[in-house]
Amino acid sequence: MSKNMNDCDVGFIGLGVMGKNLVLNLADNGYRIAAFDLDDEKVNAAIAQDAAETNNAEPRIVGCSSYTELLAKLKAPHLIVLSVPAGEVVDNVCQNLIGAGIQADDIVIDTGNSLWTDTVEREKTYKDNFIFFSSAVSGGEVGARFGPALMPSGSPYAWTRVKPIWSAIAAKVDNETGKPLERTEPGQIIEQGEPCADYIGPAGAGHYVKMVHNGIEYADMQMICESYHVLREGLGLDCDEIADIFEQWNKGVLDSYLMEISVEVLRYKDVETKQHLVDIVLDKAGQKGTGLWTAVSSLEVGCPAPTISQAVYARSISSFKSLRKVTSSVLSNPEAEQMSEEEKQQAIEQLHDALYCSKICAYAQGFQLMKLASAEHNWQLNFASIAKIWRAGCIIRAIFLQSITDAFEREADLDSLLVDDFFAEQLSKYQQNWRQAIAKATLMGIPIGALSASLSYYDSMRCEVLPANLLQGQRDYFGAHTFSRIDKPECEKYHVEWSSENPKIIRV
Ligand code: 6PG
């Protein structure tokens, strides 16, 4: 078949790590790709990898050296996938496509980690030029290659055209067991199972959901790191011993991709120094911003997400390395208490339960945030479907997502995961161990901000009466901000004339 004909099914712009792997995934699933990147080398690398993987059979990727050539090689109406950095690059590419003659019924799909409000704006901005659609992608390099989780949103018409392709390339889950159907080899395709790709809602909804996914990812990662810290510094275990414990934990309710990779990271040794990797990696965490966006959104929406926010703070604190060098030499440590072997074993079990309960709370926060945002923007998010998408392919994939799917299938409009029968029962069953683990880590002086934020969240949600009554009194005292009374309708506002000699309550 001629390489110059307009016989390509999908146009692809941006052949970085994610882009190249998505292209190879599309090709494995029978789609012919027209690929363009400002850096020719990246296109050549994708073509070379494809040739090597297919033993130089008919090329499945056609390299293009301009936007015009890319459009010319595609079947009409055109379908173009962008895998470019979030931000102004997306708009630059869109403008270039307009310059190259893109048509009104062509579809452009943004797969980057774009800010959801940018996506809303872009749909409006480009509506006369083409259909701007978005689909957040999770799963990193390997997910992109062998099956990511996909969170598409925007024009329902565009979804009818994108759906077959997205269903083909997405990770798949066995519907009976809720477990991922692994795909690990180039050329391998999986046709059975439920694809981790479902329409999320109107423009912006998909990127919002992906943002919350990343907020939960931050929380999950931080809580595993805090558990590692307790085991390492508090119980004095070495990397291999901790890897063994995590490996055990990964066989039960904590079975997850993040736990699995933590085992591998902990076991890895540097060839040069023969030391464990974690002992030579500088303890300053990076971040690209999606966790921060989730924390900011939770504050804006007024939805508590303390575990997620704490995970963002933990990354910030880690970046103050030089200040920590000073403060660690000035501030004193708590007195260390020796533990017997039996006490250590008990502490490990308690920590397992603390991680599990804290994880439930982090997910409860993420799902509640999506529920409030959905109501505010009228997205009508389907939480069972979102939990299903996250069962495989994405970074937070875990056995646990099946329990969340089940909870939302039992009650689609669940106010909080905490009130689901299964999760409420799990939390009460393990709460004593959870409290013990938090108390012990605190006495040992190990920072466990995310784990304890979850416990505090649980306790706040568990209390019918919070000290906000005193707080309202304080506000009324210095600012006449008024308060409602429990014995009168909430809409009635009261104030105490604090400055008078005989302060009386008045209705205002
Ligand atoms: C995913 C990841 C991916 C990426 C994030 C996190 O779902 O595949 O979340 O989107 O790893 O950008 O990056 P930071 O940790 O650097 O913020």
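**Close-up views of a predicted model**

**View 1. Strand β1 lines up with β4 in the parallel sense.** In this predicted model, β1 covers residues 10–13 and meets β4 over three bridges. Look for I13, whose bridge partner in β4 is L82.

**View 2. Strand β4 is covered on both of its faces.** The strand spans residues 79–82, with L79 and V81 buried on one side and I80 and L82 buried on the other. Such a pattern fits a general rule: in a regular strand, side chains alternate between the two faces of the sheet.

**View 3. β4 also pairs with strand β5, again in the parallel sense.** Four bridges link β4 to β5, which holds residues 107–110. Here V81 has I109 as its bridge partner in β5. Helix α4 (residues 88–99) joins the picture too: β4, α4 and β5 form a right-handed β-α-β unit.

**View 4. The largest nonpolar core contains 85 residues.** Within this core, F367 and W390 have the most contacts. Its biggest contributor is helix α14 (residues 341–377), which supplies 16 residues. Domain 1 (10–203) and domain 2 (209–462) both contribute residues, so the core lies between them. Another core, of 31 residues, lies apart from this one; V10, F12, Y31 and A144 are among its members.

**View 5. A closer look at the surroundings of W390.** Setting aside neighbours within four places in sequence, W390 is in contact with M151, V209, H213, I216 and F367. The list continues with M370, I396, R397, A398 and L401.

Conventions:
Residues are numbered from 1 along each chain as its sequence is written. This is a predicted model: local features need pLDDT of at least 70, side-chain atom pairs count only at pLDDT 80 or more; totals for chains, interfaces and linings use all residues. Side-chain values use heavy atoms; hydrogens and water are left out. A nonpolar core is a set of buried Ala, Val, Leu, Ile, Met, Phe, Trp, Tyr and Cys residues joined through side-chain atoms within 4.5 Å. Buried means under 20% relative accessible area, exposed over 50%, partly exposed in between (1.4 Å probe, protein chains only). Helices (H or I, at least four residues) and strands (E, at least two) are DSSP runs, numbered from the N terminus. Domain bounds come from an automatic or database domain assignment. Contact means heavy atoms within 4.5 Å. Two strands pair if DSSP finds at least two bridges between them. A crossover is right-handed if, with the strands pointing away from the viewer, the path from the first strand over the helix to the second runs clockwise.
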